[in-house]
Amino acid sequence: MDVSEPLTLDPTGSDPHGEHLALRERGPATRVDILGVTAWSVSEPTLLKKLLTGPDVSKDARHHWPAFAETVPTWPLALWVAVENMFTSYGSDHRRLRRMVAPSFSARRVAALGERVESIVDELLDALAATTPDGEAADLRERFCYPLPIKVIGHLMGVPEDHQEDFRALVDNVFATTLTPQEAADNTVKLYEVLDSLIAEKRDHPGDDMTSMLIAARDEEGDGSALTETELRDTLLLMISAGYETTVNLLDQAITALLTHPEQMAHVREGRAGWADVVEETLRYEPAVKHLPLRFAVRDISLPDGQVIAKGEPILASYAAANRHPDWHGESADSFDLTRTAPGPEHLAFGHGVHFCLGAPLARLEGVTALERFFARFPDARLAVPAGELRPVPSLITNGHERLPVVLRPAA
């Protein structure tokens with residue numbers, strides 16, 4: 001196989017599993033073209049975990065990507081490397097920014113959100129039951145998977161309800177990979193306008209929420225030693241976008257997997273597997289993010305096959321391909337199996353190492369609560385179309401469906 005030319009990743013994400021297979025066939029790491037930027041896609045889990053935990057790899061594009069200045073003005077995914085928050089930080093800056101946010105995702109704080117999550121789930125299920133006639137389909141991505149995490153992250157961040165839909169459309173475009181550079185830039189401008197409005201509102205009327213907490217930390221240390229104004233804004237962007245889009249996809253993919261694998265649903269109903277197993281196996285089988293841009297080599301990195309990732313070259317963490325790697329999960333790697341034995345449903349859906357997702361406990365709480373209550377309320381739910389007709393969201397990053405039409409109950 002000739003791997004001298006980079007593999008061009010499909011911006012529409014039309015055949016993700018075919019693409020993941022092609023990546024693995026080219027070796028543990030291979031060059032890819034991601035919307036005009038050449039990067040190393042890493043899909044072998046042992047190598048990927050090693051790179052994610054070592055000091056040889058950074059997420060700070062400004063300091064460790066020589067092509068940063070010339071690339072960002074015209075690259076549609078510029079926001080993914082240009083923001084200034086813990087997502088793109090390295091070393092002491094990352095530790096400082098992560099410490100600012102970590103208390104909001106402590107075990108105690110997440111547990112305290114449990115009743116609120118249950119209340120939101122029940123409200124959404126009531127609305128579905130009241131407005132969907134027996135035998136007719138509801139788009140669960142639109143009416144259940146979307147609004148739950150929007151309302152939860154809105155509650156956590158203090159985003160007023162009338163602002164939440166503004167964030168939804170703009171965050172969707174952050175994950176889109178079919179926008180032109182100008183469309184992406186225009187979306188970024190609008191997104192920051194909404195964020196600035198939220199910050200101004202919370203400065204005038206603080207509350208018991210993460211946004212107010214971060215503003216207070218910023219304003220009490222006016223010299224920026226705790227948090228610069230740019231870091232404040234970009235940290236809010238990270239919390240809202242990461243806490244929303246990924247959970248939408250988790251719910252979407254979990255419901256789809258259960259409705260297309262009735263034998264696995266039987267394991268849950270008969271007590272051989274729990275709802276936490278559903279969440280973890282879904283995160284392995286169909287992670288919310290397929291590829292996560294970008295990281296950068298701080299120094300030359302020698303790979304096991306003799307290749308070298310040169311200092312300054314970009315690295316793409318290909319989580320979905322790694323999660324199904326046969327060296328990790330054997331011949332059943334492409335199967336949805338809630339009774340998976342060692343190493344179990346281990347996955348990289350939340351990342352690995354110092355950048356492991358702080359919001360993972362909250363996402364798991366939302367997933368277990370939503371799935372358990374949904375299937376208790378609608379035990380006869382079924383897909384309204386053949387599974388092959390479900391269209392993926394047009395993105396090489398996000399991993400969900402454009403629509404999820406489900407018949408909730410048999411026709412009367």
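This short presentation covers one aspartate, one sheet and the largest pocket of a predicted model.

Good morning, colleagues. I begin with Asp 10, which sits in the loop that links strand 1 (7-8) to helix 1 (16-25). Its relative accessibility is 23%, so Asp 10 is classed as partly exposed, the buried class being reserved for values under 20%. The side chain of Asp 10 makes a polar contact of 2.8 Å with that of Thr 12. Leaving aside residues up to four places away in sequence, Asp 10 touches Asp 15, Glu 19 and Leu 396. Pro 66, by comparison, is 56 residues from Asp 10 in sequence, and their C-alpha atoms are 25 Å apart.

I turn next to the sheet. Three strands make up an open, antiparallel sheet, in the order 5-11-10. Strand 5 (137-139) and strand 10 (382-383) are the edge strands; each has a single partner, and therefore one side of each has no neighbour in the sheet. Two bridges join strand 10 to strand 11 (residues 405-407) in the antiparallel sense. Within strand 11, Val 406 is the residue that Leu 383 faces.

Finally, the largest pocket. Its volume is about 430 Å³. Which residues lie nearest its centre? Of the 22 that line the pocket, they are Glu 286, Ala 387, Leu 390, Pro 392 and His 401. Helix 1 and helix 14 (229-260) each contribute at least two lining residues, and helix 14 gives the largest share, with four. By character, the lining comprises seven nonpolar, 11 polar and four charged residues.

Thank you for your attention.

Key: Residues are numbered from 1 along each chain as its sequence is written. This is a predicted model: local features need pLDDT of at least 70, side-chain atom pairs count only at pLDDT 80 or more; totals for chains, interfaces and linings use all residues. Side-chain values use heavy atoms; hydrogens and water are left out. Buried means under 20% relative accessible area, exposed over 50%, partly exposed in between (1.4 Å probe, protein chains only). Contact means heavy atoms within 4.5 Å. A polar contact is a pair of N or O atoms within 3.5 Å; within protein, one must be able to donate a hydrogen and the other to accept it, and residues adjacent in sequence count only if both atoms are side-chain atoms. Two strands pair if DSSP finds at least two bridges between them. On a 1 Å grid over the protein atoms alone, a cavity is a set of points where a 1.4 Å probe fits but cannot get out, and a pocket is an open set with protein on both sides within 12 Å along at least five of seven lines; lining residues have an atom within 4 Å of a point. Grid points are joined across faces, edges and corners, and a volume is the space filled by probe spheres set on the points. Ala, Val, Leu, Ile, Met, Phe, Trp, Tyr, Cys and Pro count as nonpolar, Asp, Glu, Lys and Arg as charged, and the others, Gly among them, as polar.
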